[in-house]
Amino acid sequence: MTGFAQNTFNGLVSGAFYALLALGLAVIFGMLRVVNFAHGAFYMLGAFGAYVLLTEAGVPFWAALVIMPVGLGLLGMALERAVIHRLTKLDPLYNFLLTFGLTLILQDLVKLRYGVQSSPYATPSLLSGSVDFGLFDFPTYRVFILGFTVLLCVAVWWALTRTRIGMVVRAATERPDLTRAFGIDVGRWVTPVFGFGIGLAGLAGVLAAPMRAVNPLMGADLIIVVFAVVVIGGLGSIFGSVAAGFGIGLVQAWGESYLSNFPIVSQTIVFIVMAGVLLWRPAGLFGREEAPA
Amino acid sequence: MRRTMGVAAASAAVVLVAGCGGGGPQSSGDGKLTGDKIVLGVLNDQSGVYSELSGKNSVTAVEMAIADFTAKYGDKAVTKDITVETADHQNKPDVANSKAQEMYDRKGVDLILDVPTSSAALKVADVAKEKKRLYFNIGAATTDLTGKSCNKYTFHYAYDTYMLANGTGKTTTEQIGKNWYILYPNYAFGQDMEKSFSTAITAAGGTVVGKDGAPFPNTSGDFSTFLLKAPNLNPKPDVLGTMQAGAELVNVVKQYNEFKLRDKGVDLAVGLMFLTDIHSLTPAALAGTTYTDAWYWNFDAKNREFADRFQQKAGTRPTFAHAANYSAALQYLEAVQAAGTDDADAVVKGLEGKTVEDVFLRNGKIRAEDHRVVHDAYLAQVKPQSEVTEPWDYVKVLKTIPAAEAFRAPSADCKL
C-alpha cells in the first residue's frame, strides 16, 4: 500500500511537468495552428536560466521562478512577431522546419557557452526536507511541485472560463474562423498567447532545475513524451492536455514499478497508450474532430 | 674474404644494437618513417556527452606528450616532425568507421587514440585490423576490445567494465555492505555492467537482492520508482549500485539525495564516474560515494605536477582519460624511438610484453596475449564538502588495487 501510494505520488509529480508543457503546447496550437517543436528548448532555457541567474548573479530560486517565465514569455512574443506569425498561412511543414531549427540553434548556443556537462543546482533550503504523511514520507520539494502545478492549472482554468480574455482565447482556440466572424480581433491575442505558452515551458524548466540534470539536451529528451501527451489529450484541447499530462505521469510510474519484468512494455507504455487511444478516439481523449473546412 | 665478411657482419650488428639501444637514428629523412614524420590521430567526441571528459582536452594531453618526448630526446629523436590530427566521431559507430579510414588513408595517421563509446570503439578496431595500423583505445569500456574483437593492432589502455566491477563491486562488498540493489540503464553498456558487477559482488561473498533495468533513455528523467523500491526490499540492501552515466547519473544522484536514501542506510556506489561528473554534481551531492578510478590527479606529487602543467594549458584538472591519452601517446613515441621506425608490425613487437612506468601507468604492463594494458587502479571515495579545500580536489583514494588484481586474465576469446 505504501509503495503504491508513493508511486502514485511520483507519477503525479512527473505528470505535473508533462501537464505544464502540454498546456502551453495546446494553447499555442489552438490559437496559431503551430506545432511548436521548440517547446522543449524553452523548457531547457528555463532551467539553464535559473542556473545562470544563481551562479552568475546570485539570484535565488524564488526570484528565478518569476524572472525566467516572464523573460522567456517576452522572448517568445518577440519570436512570434519576428518569424512564427509568417508561417500560419503556409504548409505545416514550414513550421516544423522553423521550430525544429530554432531548437537546434538554442541548444547549440547554450552548448557553446556552457558545454554539455550537467550543471549543478541545489534544492532551495526551505524545500530540502521531507513531509511525513503517516504511511510514508515524501520530499518537500516534490510536494511543492505538485501543489504549485495544481494551483497554477486551476488558476489558468479559472482565467479561461471566468474572464473575458479567457472566453476569447477559448473560442479562438476551438474555432478561430467563427470567433473572427463575431467581430473579435483574434490576431491581437495571438502574440500574448504564444508568449504565455512559452512562459509556462520556462516555468516548468525552473521547477525542474533542482531535481533533474540541467544540460542543453534536457528538453529534447522530454518533448517526445509531451507530444504524445498532447495527442492523447486531443490536439488543441486545453483540459485534455492537462488531464493527459497527469494521466501519463501515473501510467509511466505504475508501468515502471509493476511491469519492470517486461522492460519493453514499461519503456514504451506511453506510446502503447497513445496508439490505443487513437484507435478508440482518433481525435484524442478530449479532442473534437475538426469540422471540414 | 670470409674474415672481412665476419667483420662486416659484426660491425653491422654493433651499429644495429647501438641504433636500437642508444636512442635511434641521428637524423630523420632516412626513410625509416613513412613521410618522414609521425602523425597521431585523436578520434573522439568533441561536442556531445563525452566531450568534457575527453574531447579537445585529450588533444591537449597528446600535445603535451609530444612536447615532453621532443624535449627528452632533442636531436636524437627519431623525428622532430610530429603532428596531431583530430576528428569528431559524434559517438556514432558509422561516423567513427569512416573517420578512422580517412585518418589512416588520407591524413597519414600512424596511431589513432581515445575513441570513447564502445560501439564506435569496436568499429575502429576493425578498421585498424584491416589497415594494419595502430590503435590505442582509451575512452571505451567494453571488454570485447581485448576479448572476441581483439586484434594485433589494437591496444586497450585505461579501463574496462571488468576493472570497474572488480574494483567497486568487490571492495565495496568487502568494506561497506554485502547486500546490493543494482540499477542499470537497459541497453548494451548497462546490461554488461550489471553482469560484471553481479559476478564481482557474488565472488566477494555479497548478494544482489534486487536489480532493475531502467528505461534508456529515460525520457521522464525520473528514477523515483526504483529509488523508493530500494529500502523496502527484503533483505534491505546496504548499497545502491548505479550503472547510469552522464546526465542520467546526475538524475539518479539528485533523486537519491532527495529521497535521503543514505539516511535510510543505503549507501551509493557508482559504476563509472569521471572527475567532470563529480564537478557537475558538486561533491556535496556525492559525498561518501565510492567508485573505481583509473587515475587521480592529486594522488601523489608526480600526478600533481602533471595536473598543474595540464591546467596551465587546458584551464581545468585532467580526468583519467586525459592522463591516459598523454601516456598512450608518449609510450607510442617511445616505442617508435626504440624501433627506429613507425612500421606498425615492428612497433607492436616492441610494445608486446613491455613493462612501463609513467605518470599514468603505475606497475604498467602491455600484455602480449590480448593487448590489455594493465596498471594499478584505485578505489576512490568522494570527500564530504567540509574536506574539499581546493577546486577539483574532490576524492580521496581509499585503496590502490594492484595491477595484477585490477584487470581480468587474458580472455580465451582473444586470438591475436
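1. In this predicted model, Ser14(A) makes contact with Arg212(A), Gly249(A) and Asp222(B), once its neighbours within four places in sequence are set aside. Ser14(A) belongs to helix 1 of chain A, which covers residues 2-32. Its relative accessible area is 6%, and Ser14(A) is therefore buried, the limit for that class being under 20%. The C-alpha atom of Ser14(A) lies 8.5 Å from that of Gly245(A), although 231 residues separate the two along the chain.

2. A second pair of positions in chain A may be read beside the previous one. Ala243(A) sits in helix 10, residues 238-258 of chain A. Its relative accessibility is 29%, so Ala243(A) counts as partly exposed. Between the C-alpha atoms of Ala243(A) and Arg288(A) the separation is 16 Å, with these positions 45 residues apart along the chain.

3. The overall architecture of chain A comprises eleven helices and two strands. Their order along the sequence is α-α-α-α-β-β-α-α-α-α-α-α-α. Chain A has a radius of gyration of 19 Å, close to the 19 Å obtained from the globule rule for 293 residues, so chain A is as compact as a globular protein of that length. Taken along the principal axes, the box filled by its C-alpha atoms is roughly 55 × 50 × 35 Å.

4. Packing and surface of chain A can be described by a few totals. Of the 293 residues in chain A, 53% are buried. Among the contacts in chain A with a separation of 6 or more, 78% are between residues 24 or more positions apart. The exposed area of chain A is about 13000 Å², and 71% of that area is supplied by carbon and sulfur atoms. Chain A carries 16 positive and 13 negative charges, and the mean positions of the two sets lie 9 Å apart.

5. How many aromatic pairs does a search of the whole structure find? Over all chains, the number is 32. In the pair formed by Phe61(A) and Trp62(A), the ring centres are 5.3 Å apart and the planes meet at 80°; the pair is edge-to-face because planes over 60 degrees apart fall in that class. The two partners differ in burial class: Phe61(A), at 4% relative accessibility, counts as buried, whereas Trp62(A), at 37%, counts as partly exposed.

6. Chain B supplies another edge-to-face example, the aromatic pair of Phe136(B) and Tyr332(B), with 6.4 Å from centre to centre and 85° between the planes. This pair links distant parts of the chain, since Phe136(B) is in strand 4 (residues 134-137) and Tyr332(B) is in helix 12 (residues 320-339) of chain B, 196 residues apart. Phe136(B) and Tyr332(B) are both buried. Returning to chain A, ring pairs join Phe61(A), Trp62(A), Tyr141(A), Phe144(A) and Phe148(A) into a cluster.

7. Backbone geometry in chain B deserves separate comment. Most peptide bonds are trans, and most residues other than glycine have a negative phi. The bond between Asn234(B) and Pro235(B) is a cis peptide bond, with omega about -5°. Pro235(B) is located in the loop between helix 7 (224-229) and strand 8 (239-242) of chain B.

8. Asn179(B) is in contact with this part of chain B: leaving out residues up to four places away in sequence, Asn179(B) touches Thr207(B), Val209(B), Pro235(B), Lys236(B), Pro237(B), Asp238(B) and Val239(B). Asn179(B) is itself part of strand 6, residues 179-185 of chain B. With 17% relative accessibility, Asn179(B) counts as buried, because the class takes values under 20%.

9. Where in chain B does Val115(B) lie? Val115(B) is placed in the loop between strand 3 (111-114) and helix 4 (118-131). Phi of Val115(B) is near 50°, a positive value in a residue other than glycine. At 0% relative accessibility, this residue is classed as buried.

10. Lys260(B) likewise has a positive phi, near 50°, and is a residue other than glycine. Lys260(B) falls in the loop between helix 8 (246-258) and strand 9 (267-270) of chain B. Is Lys260(B) buried or partly exposed? Its relative accessibility is 29%, so Lys260(B) counts as partly exposed.

How values were computed:
Residues are numbered from 1 along each chain as its sequence is written. Chains are lettered from A and ligands numbered from 1 in the order in which they are written. This is a predicted model: local features need pLDDT of at least 70, side-chain atom pairs count only at pLDDT 80 or more; totals for chains, interfaces and linings use all residues. Side-chain values use heavy atoms; hydrogens and water are left out. Helices (H or I, at least four residues) and strands (E, at least two) are DSSP runs, numbered from the N terminus. The radius of gyration is taken over C-alpha atoms; the globule rule is 2.2 Å times the number of residues to the power 0.38. Buried means under 20% relative accessible area, exposed over 50%, partly exposed in between (1.4 Å probe, protein chains only). Contact means heavy atoms within 4.5 Å. Accessible areas come from the Shrake-Rupley method with a 1.4 Å probe; for residues, only the protein chains shown count as cover. Lys and Arg count as positive and Asp and Glu as negative; His and the chain ends are not counted. The place of a charge is taken as NZ of Lys, CZ of Arg, CG of Asp or CD of Glu. Rings of Phe, Tyr and Trp (its six-membered ring) pair if their centres lie within 6.5 Å; planes under 30 degrees apart count as stacked, over 60 as edge-to-face and the rest as tilted.
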